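This short report covers salt bridges and one open sheet. Have the sequence and the model at hand.

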Amino acid sequence: MDSSTNSLDEGSADGSADYQDRSSGMEVRLQAQEDEITLLKSSLADALRRIRIHDQLLPLLKQQLIAVNPGAARVLNQVCCSDGCSSRRFSGVDGIPHSAATPSQQSNSIVNSANGHTGSPAAVKLPRPTSMDQSTQTEPTLSPQEPEQNTLSLHGKSRNVEEGFPLDQTAADQSRAKLIRIPGLEEEEDDDEDQEDEGGGEQEKELNFTMEETVQPDMVQVLQREDSQDGSCSSEEPSSSTASLTNSNQNLSSRSGPLTTIQEGEKTLVRRNSEKLLNAERQRKRLDKKAASSANLLTRSPSLENRAKELISSAGSPGSRRGTHSQGQSIKMFIRGRPITMYVPSNIQNYEDLKMELPSEKLELDWVYGYRGRDGRANLYFLPTGEAVYFIACVIVLYHIKNSTQRHYRKHTDCVRSLALHPDKVRVASGQMAGVDKDGKPLQSCVHIWDSKTLVTLQQIGLGTFQRGVGSLAFSSADSGGFLSVIDDSNEHMLSVWDCAKETKLAEIKSTNEAVFAVEFNPSDSNNIITCGKSHVYFWTLSGGQFTKKQGIFGKYKKPKFIQCFTFGLTGDVLTGDSEGNILTWGKSAADVKTLGKGAKETYQIMRQTRAHEGSVFTLCTLQDGALLSGGGKDRKIIRWSADLAPERECEIPEKFGTVRTIAAMDEEELLVGTTRNAILRGTISDGFLAIVEGHVDEMWGLAAHPSQSFFLTCGHDRQVCLWNAEDHKLSWNVSLEEYGLCADFCPNGSIVSIGLNTGRWVVLDLLTQEVISESVDGNEQLSVMRYSPDGNFLAVGSHDNFIYIYNVTEKGRRYTRFGKCNGHSSFITHLDWSKDGRYIMSNSGDYEILYWDITGGCKLLRNRSESKDREWASFTCVLGFHVMGVWLEGSDGTDINALCRSHSERIVAVADDFCKVHLFQFPCPKLKAPSHKYDGHGSHVTNVCFTHNDSHLLSMGGKDTCIFQWRVVREDKGTALGSSWDSKDKLTSTLSASTSSLEPPSS
């Protein structure tokens, strides 16, 4: 929704809009290409896996058939001859024509390809697989006219090779074959068929591919058992059969025997929808063509070949389309067309009977960390109630300074960009951006006028009228706030005036194509409005529903690039601050007839120029006694001026807070100052300023909660590492790093925290001293996850180089030695979790893989993933897994969920999505479309979520909106907060600023 914007001082709004449009277009095209690539990869991986399974099973099925009925070899011979496999056939190995083979030779040979031309004269003719759709499903029928030809079936009711049927039944049961469509073997277009007919007399190319792994005979036995149980023998051929098993001939030669007839009829295929049968020769040629193409892909892509081998060797056959396996049930979900198999735990007897319900817990927004000062103006006010009003993301915060409490106005649907305080000091107007929801539907911008005491919305102004958003707002003063002026963010920066009571628009006009920074009514005349921005000051007069504009004349003075701000003096003069560091006093003067000619009207000209700051003057604030306050850019100074612009006092704010963005007076002495580094300071010019609100200034990703105390840590692209006190809602300390942090985790003893950086480097900090006590480098790509084992003996580091690095942890988290590396993912690591016994890891990757690792056994990949279905996990942050299947929405593209976190009580799971929402599900939630509580407020993608150590609060972190939400977890049935009273061990014995914190592990 909202994105990090450059300072409005650096360019025009027109240029910014063009850049955003081009950037959005490129992102859409890039996303479409990524979707296509991912779909092709998943289809190819599935096709390759099926190729290997069928190529391995075909010869061994024949071996089992001959073993059960030795006379089957003669039938195979006859089928081969009827299919055109004679002595004139060329060998697929050497390309030399062979003479007619003797019966013994024929019985000792077997064809390993569905086309019967890979080095042997005997072939089994298999029908083409067809769709499972009822309208196009094929079924076998017996044809008594050709009793010598037979079709052998390789597939039963299930595609799962672990389900079997008894060995005492032959593979040629006279029953209906159930065929399943295999991706990549769909029927060709009519044009391709015509081309194949024309080239029917040409010799077909033959390929030979040697398997590196051998399928054991028991796999074929399992498949036979399956067909027997179904009472049928399905006819299905490999999707692109090109591989041959070099040892198959030797295995079969020992089992060959006299040839006898197995079946008298031939099975042919007919379509239920009366479609024309494909010509057998044309069909065979099409399969040959596909086989050659698939073989080339296998040869050129060793990684895909190895992946296919892994899938074949993995127990449980992940390619099964049914949800049952010999070892238990499995469920399959699809992301971007890629199937992901989830194994059902043993304690779930009937998956279909599971009911997903809303969790009894709910969330209430407790605290908002951060302030949007980096690109805002006039966005901080002080109310008579003692509250400071400011905004960040989609939330307007009312922070009671003395009581240290917050209230929140949350009626906006997108990021708030502007704020105005009514003359009665009670009503507030706030304008939001225009955006889109998760379905791409536009969210229209508007202005809300609401009561700051009751937080009730009084009026909604201009819904759908303002393009892109509301940039500036102002209430009129002369008529007690009856009118509202608005500048939108369109290219023309439309200026409009609204009747607040009637919610109607009185007038509208295009102001300028340049950036506009501020708008205000003249405090003595509501018909006069002033706007300023890039290289202009405009004086507007509203009369009879029409605007007239007069531009300020700079005359002999240098025209600045930006007029940053303005205010009104007690005498009615207009004072502006510009990018040259000057305060300009404007006044109305008679027309210069000599210069402007006869009929010239009065103009607004500069009456006085006052040098104020080094760099831009960002804000001007008039006090009740007529004094003026100015805030500077480069010099970071706040200067108090007398009514005649004589400097009286000044002070400089600390560099770490950035430059002054806006000033709000609490009284004649005490001030609130908003800065460009998203901090709000409180103090006086005489005594200095302290921060009461702080936050990050760039996108955040790293979030970790302390294992035993009420602290949490954040890190992001601003290279800041911040430790927050969730009880006092204060920043305890922050440290600057050379690179930006993306992930973090606390050592279980609570005194150490590890932070992963974007360069492959990771550092270990001491919470007490904030010193780096250890650092290492793993690869040269960014790190995405850091996770300590429950006992603290290991640290797992997930990287974008597809590896998980494992470290031994000793000396209470102060020493790290490399233990091993988990190698097996084909994409970058996104999430990982440790088992409760600290021996195993579950990990997710960018291509939606779920892998399991035996760490203590040498960081080995567990091939049989079903063995981990009952394993208990110390944490659950992996977004893919059986227990969290329900968090995914239908049609998700795999990046819609950025993070999730299970509560320590294992009752609920919180989800951070890409649509600015935080979800709360029950745990586990293994069924799709599980219900959830949804919470908004973030103005950007939610990058991370985390529960505090006692599950009393949930922390959520926005990306580019740079805010952190602290949610109170409340039981719906009891209406009380979980862990509402913080443990006494969480309290500090002294301030962390003095580096004497009590951050120690709890006593056992």
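A salt bridge here is a side-chain nitrogen of Lys or Arg within 4 Å of a carboxyl oxygen of Asp or Glu. The model is predicted: local features need pLDDT of at least 70, side-chain atom pairs count only at pLDDT 80 or more, and totals for chains, interfaces and linings use all residues. Residues are numbered from 1 along each chain as its sequence is written, and side-chain values use heavy atoms, with hydrogens and water left out.

**Salt bridges**

The structure holds 31 salt bridges. Three of them are listed here, with the distance between the closest N and O atoms.

| Acid | Base | Closest N and O atoms |
|---|---|---|
| Glu387 | Arg407 | 2.9 Å |
| Asp936 | Arg410 | 3.5 Å |
| Asp778 | Arg818 | 2.8 Å |

Start with Arg818 and Asp778, which form a salt bridge. Arg818 lies in strand S50 (residues 815-823), while Asp778 sits in the loop between strand S46 (772-777) and strand S47 (783-788), so the pair ties together parts 40 residues apart in sequence. Strands (E, at least two residues) are DSSP runs, numbered from the N terminus. Asp778 counts as buried, at 0% relative accessibility. Arg818 is partly exposed, at 45% relative accessible area. Buried means under 20% relative accessible area, exposed over 50%, and partly exposed in between (1.4 Å probe, protein chains only).

Next, Glu387 forms a salt bridge with Arg407. This pair links distant parts of the chain, 20 residues apart: Glu387 is in strand S10 (residues 387-392) and Arg407 in strand S12 (residues 405-409). Glu387 is buried at 6%, whereas Arg407 is partly exposed at 26%.

Asp936 forms a salt bridge with Arg410. Asp936 lies in the loop between strand S58 (933-935) and strand S59 (942-947), and Arg410 in the loop between S12 and strand S13 (416-421), so the pair ties together parts 526 residues apart in sequence. Asp936 is partly exposed at 36%, and Arg410 is partly exposed at 28%.

Salt bridges also form a network that links Lys836, Glu872, Arg902 and Glu906.

**An open sheet**

Strands of a sheet pair through backbone hydrogen bonds, either parallel or antiparallel. Two strands count as paired if DSSP finds at least two bridges between them. One open sheet has 4 strands in the order S19-S20-S21-S22, with antiparallel pairing. Its edge strands are S19 (470-475) and S22 (504-510), and each pairs on one side only. Strand S21 (residues 494-499) and S22 pair in the antiparallel sense over 6 bridges. Val497 stands opposite Ala507 in S22.
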